[in-house]
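Subject: Structure handover

Hello,

Here is the structure I said I would pass on. My notes on the contacts and salt bridges follow it.

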2 protein chains.
Amino acid sequence: MAKGARGLSIGQIAAAAGINLETVRYYERIGLMPPPARTEGGHRAYDPAHVRRLAFIRQARALGFGIEDIRTLLALAAPGHRSCGEVRDVAAAHLAEVRAKLARLARLERILSDTVERCSGAPTPACPVLDMLDAPM
Amino acid sequence: MAKGARGLSIGQIAAAAGINLETVRYYERIGLMPPPARTEGGHRAYDPAHVRRLAFIRQARALGFGIEDIRTLLALAAPGHRSCGEVRDVAAAHLAEVRAKLARLARLERILSDTVERCSGAPTPACPVLDMLDAPM
DNA sequence: CTGCATCCCGTAGCCACTACGGGATCAAGC
DNA sequence: GCTTGATCCCGTAGTGGCTACGGGATGCAG
């Protein structure tokens, strides 16, 4: 064996991908990361393909994709299977969810902001926040 | 006993407040709702004060307040303890969190929307979505 | 070869519910 | 009074996506 047979430790790929070490083990448990080779002593030994996959997962998580979506995306990203249409469908569905959450949060922001502002403003006798919570939407 | 000693069933207050029945029992388990009186057979018998409290909780949840915040708000809303300043602090802190989430979601929306749009547009050879997931932020 | 960093694994906790299941109780109709 | 069907009882487990903990085994530098 000349050299390259060693592989990266879990701590190393975790650091490389900017992911918590325990999260990497979690991804393996749920089948999102394939089980890597092991050293004689039982420690995980990863290769660069694992790092790329982990970076892909991190990126997808950062964009808010759920684990199941990522599972699908990883399958669709496999070489020879690059069906951009299906990928777009997954991304578009996720985008729709993001937009729904965005709209809901914007509504909340408006209500809370209005109410809190009224709180610091005019010297009303009652508490605007509590009033809002007592009144039905 | 003339009449009013009966009380509402859990199903009735749940429906009245628009909350899942099992959620009401959950709120009682975690101490957010006080334990109501019981019938001889052990069924919960609520009074109107419970309904008001539950409506308050529902409103606060709809505005995105967490359970611990609601616990605080309920204490601050107790008669004789109406300190609007503290209430405003809780609401303002929550508003800040909402704004942070909003900003993050807006970023995601922009990225996803740009990428998905590029997908349906020009006849590029590769998949823009997968490209984005492969590339670091 | 010693010492310390790292890694092993399983389990439990987080939040705010939701679901399930087998039995008890309630209210209304006859 | 009795039957029937709706409702309610309680405890437990599952959801998503991790994160934390603990006690022991390994890896590697000096």
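A polar backbone atom of G11(A) sits 2.8 Å from a phosphate oxygen of DNA strand C. Please keep in mind that this is a predicted model. A phosphate oxygen of the strand also lies 3.1 Å from a side-chain N or O atom of R38(A). With R25(A) the partner is a base: an N or O atom in the side chain of R25(A) is 3.3 Å from a base nitrogen of DNA strand C.

In total, 21 residues surround DNA strand C, and the closest are S9(A), G11(A), R44(A), Y27(B) and R61(B). Of the atoms of DNA strand C that come within 4 Å of the protein, 75% belong to sugar and phosphate. Sorted by class, the surface near the strand consists of 10 polar, 6 charged and 5 nonpolar residues. Three helices, α1 (10-17) and α2 of chain A and α2 of chain B, each supply at least two residues of that surface. The most comes from α2(B), which gives 5 residues.

Now the salt bridges, of which the structure holds 10 over all chains. Side chains of opposite charge can pair when their charged atoms come close. Three of the pairs are described below.

1. E28(A) and R44(A)

The closest N and O atoms of E28(A) and R44(A) are 2.8 Å apart. This salt bridge links distant parts of chain A: E28(A) is in helix α2 (residues 21-29), R44(A) is in strand β2 (residues 44-45), and 16 residues separate them. E28(A) has a relative accessible area of 16%, so it counts as buried. R44(A) is also buried, because its relative accessibility is 19% and the cut-off is under 20%.

2. R99(B) and E109(A)

Here the side chains meet in a salt bridge with an N to O distance of 2.7 Å. The pair crosses between chains, running from helix α5 (residues 84-120) of chain B, which holds R99(B), to helix α5 (residues 84-120) of chain A, which holds E109(A). How accessible are the two partners, R99(B) and E109(A)? R99(B) is partly exposed at 41% relative accessibility, whereas E109(A) is buried at 16%.

What does E109(A) touch, apart from its neighbours within four places in sequence? The contacts are L95(B), V98(B), R99(B) and L102(B). The salt-bridge partner R99(B) is thus listed among the contacts of E109(A).

3. R25(B) and E22(B)

The side chains of R25(B) and E22(B) meet at 4.0 Å, N to O, in a salt bridge. The two residues are 3 apart in helix α2 (residues 21-29) of chain B, so about one helical turn separates them. R25(B) is partly exposed, with a relative accessible area of 32%. E22(B) is exposed, because its relative accessibility is 52% and exposed means over 50%.

One further item concerns chain A: E28(A), R38(A) and R44(A) are joined into one network by salt bridges that share partners. Two members of this network also appear in the notes on the DNA. R44(A) is listed among the closest residues to DNA strand C, and the side chain of R38(A) has an N or O atom 3.1 Å from a phosphate oxygen of the strand.

Regards

Methods: Residues numbered from 1 in each chain as written. Chains lettered and ligands numbered in written order. Predicted model: local features only at pLDDT ≥ 70, side-chain atom pairs only at ≥ 80, totals over all residues. Heavy atoms only, no water. Helix = DSSP H or I, 4+ residues; strand = E, 2+ residues; numbered from the N terminus. Buried < 20%, exposed > 50% of the residue type's maximum accessible area, 1.4 Å probe, protein only. Near = heavy atom within 4 Å. Polar contact = N/O pair within 3.5 Å; in protein donor to acceptor, adjacent residues only side chain to side chain. Nonpolar A, V, L, I, M, F, W, Y, C, P; charged D, E, K, R; others polar. Contact = heavy atoms within 4.5 Å.
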